[in-house]
Amino acid sequence: MTRAAPSLRETNLSKLPIQRFDVLVLGGGINGAVSAAALAARGAKVALIERGDFASVTSQQSSNLAWGGIKYLETWEFQLVRKLCRARNALIRAYPSAVQEIRFFTSVARGFRHGRLKLWLGALLYWVFGSFFTRPPRLLSNADIEREEPTVETRGLQGGFEYSDAYLHDNDARFVWGFVRAALDRGCVAANYVEALASTRSAQGWATRARDAVSGREFTIASTLLINACGPYADEVNRRDGVSTAHRHVFSKGIHVIVDPVTAHRRVLTFFADDGRMFFVIPMQQKTCIGTTDTRVERPEVEVAAEDRRFVLDNINKRLRLPRPLSEADIIAERCGVRPLVVAGSANGNRDWTQLSRKHVIETDASRGRLTVFGGKLTDCINVGEEICAEVERLGVQLPFRAHVWYGEPAEAVRDEYFHQARLMDLDALTVPRASEKLSTRLWRRYGSEALGLLEAIRRDPRQAEAIIETSEYLRCELDEAARREMVVKLEDFLRRRSKIALVVRHEDIRAAPGLREACRILFGDEADARIEEYFGGGPGAAVLGEDRIA
Ligand SMILES: Cc1cc2nc3c(=O)[nH]c(=O)nc-3n(C[C@H](O)[C@H](O)[C@H](O)COP(=O)(O)OP(=O)(O)OC[C@H]3O[C@@H](n4cnc5c(N)ncnc54)[C@H](O)[C@@H]3O)c2cc1C
């Protein structure tokens, strides 16, 4: 079988050194991806390079929530809450199948610093700040909680309240990939596993020395403007290039663990943990994701420590009525990353540490044509894309399609056409047993208008609808799609970020899955065995940043 997967990447790699770009974006997390997608759609000539895989650092370690920042009401940051609520609403509106409203079923312990009535009033205010876009909040008595969510331990509770925010159905990394793919569709030259080594400025603009991590080859990329969207590494990249900024990052580490489902309901169970912070039990496909923690750290490279794991398990065991307490053996996978939090000047962020807000700042060095994105949240990504376009125009790059809407799912007519065709061919009858949802729904959410091509592939050859890796829902035609269009370089790129198999299936079960080798042949052709060895060879060792420990 011939190896098809790298062709898109290789083609792009060959273009990077020979073309001149209006803008080069460094870093393919959410902020780099939306910058590239927005600029490409508005007509700029854009390149995007990412040192690892797209979304392989912070943007794969979030809580997968699009939220309006209810907790910032406590610190009276009303403007921020209003802004984040609007950002959340815009995402729900633009991505009706990928970003969905979900209820946060919140319990409040007796003796907590706020009473449940006050918290419920806060939730009402939150709803108002959210322009009544979601379902209204509700006050819960202990009897309501007992009746509706018997898994919640009500001893010691004063009741609770319920409110709405939203969650990313397919996970953060897949959401980011959607923006990278959209940028590629509009002519952006993007490549993963390409590291920016150093950028220098001359009268002609920026020259960025880069290295392809796969071949080791080095080359130079020319651009008029440079956007540093390196997340927690943005300060390091600026320092290396001799650029000083008015802002910088401090880091807060957060972990999540994934376990078998603790509730049958599709809702987020919300608690206040022993440290007083909000603590979530979030649905992830047919599993449950629990977290998070908030610990100040000095460096972005982090791993889950025994005390983090203990904190999460102890907190959840105290608050749920489970047949037996969750233990480390129940952990299917873990996530761990740092939030890059923006601080101004020499402020060290020590004051009200856990309250440091997650706003973003785009700092522009107009004389040198360089922008740095600091901080932020996935939730705010549309605003980041819009602000980047405004700044880039201000710096003199023409955006011929300045009114173009660069985000969102395909038009309703395309959606209707897709579901009509899916019905005609009785696609949902092919849904694999124990799937978490109907096949037609999942394909639409993951592939948008490309899903029409998948229907065509299945009509042509019904074997394309076979699930290859047992224990996962992914079909042969999806692997084919990933190989052709999703720039999968390593097996981890597919298992952890294009799909979420590595989060919901145990490492050993993936390794033992009969279809794994065949799946890898589709993804990697002759290199299948090498990619399997690369992924499983090291065993389930400790995590470094962006590489989860899989239990
Ligand atoms: C535990 C936790 C929970 C969170 N929960 C939420 C949530 O529920 N909702 C929400 O909205 N937000 C949440 N966030 C925040 C959100 O995840 C981050 O703000 C966001 O992902 C940051 O994206 P980024 O693009 O700035 O950084 P990153 O995703 O880290 O991307 C930066 C990229 O730059 C690349 N890079 C670095 N150096 C170079 C170089 N020299 N050359 C090329 N590339 C380079 C890196 O490899 C990396 O991929 C959470 C964060 C954490 C840690």
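## Exercises: ligand shell, pocket and cavity

Of the 35 residues around the ligand (a heavy atom within 4 Å of it), Glu50, Thr58, Ser59, Leu65 and Gly376 come nearest. This is a predicted model, where local features need pLDDT of at least 70, side-chain atom pairs count only at pLDDT 80 or more, and totals for chains, interfaces and linings use all residues. Residues are numbered from 1 along each chain as its sequence is written, and side-chain values use heavy atoms, with hydrogens and water left out.

**Exercise 1. Work out which protein atoms meet oxygen atoms of the ligand, and how well the ligand is covered.**

*Step 1.* Start with side chains, looking for polar contacts (pairs of N or O atoms within 3.5 Å). An N or O atom in the side chain of Glu50 sits 2.6 Å from a ligand oxygen. For Asn31, a polar side-chain atom is 2.9 Å from an oxygen atom of the ligand.

*Step 2.* Now try the backbone: Leu378 puts an N or O atom of its backbone 2.9 Å from a ligand oxygen.

*Step 3.* Check the cover. Taken alone, the ligand exposes 1,000 Å² (Shrake-Rupley method, 1.4 Å probe), and the protein buries 98% of that.

*Step 4.* Find the elements that give two or more residues to the shell: helix 2 (30–41), strand 8 (194–202), strand 11 (247–259) and strand 16 (333–344). Helices here are DSSP runs of H or I with at least four residues, and strands are E runs of at least two, numbered from the N terminus.

**Exercise 2. Describe the second largest pocket.**

*Step 1.* Get the term straight: on a 1 Å grid over the protein atoms alone, a pocket is an open set of points with protein on both sides within 12 Å along at least five of seven lines, while a cavity is a set where a 1.4 Å probe fits but cannot get out; lining residues have an atom within 4 Å of a point.

*Step 2.* Size it up: the volume is about 800 Å³, counted as the space filled by probe spheres set on the points, which are joined across faces, edges and corners.

*Step 3.* List the lining. There are 32 residues, with Gly178, Gly408, Pro410, Tyr447 and Gly448 nearest the centre. Helix 6 gives the largest share, eight residues.

**Exercise 3. Find the largest cavity and see what lines it.**

*Step 1.* Count first: there are four cavities of 30 Å³ or more.

*Step 2.* The largest cavity holds about 70 Å³ of space.

*Step 3.* Its lining includes His169, Asp170, Arg442 and Lys500.

How values were computed. Polar contact = N/O pair within 3.5 Å; in protein donor to acceptor, adjacent residues only side chain to side chain.
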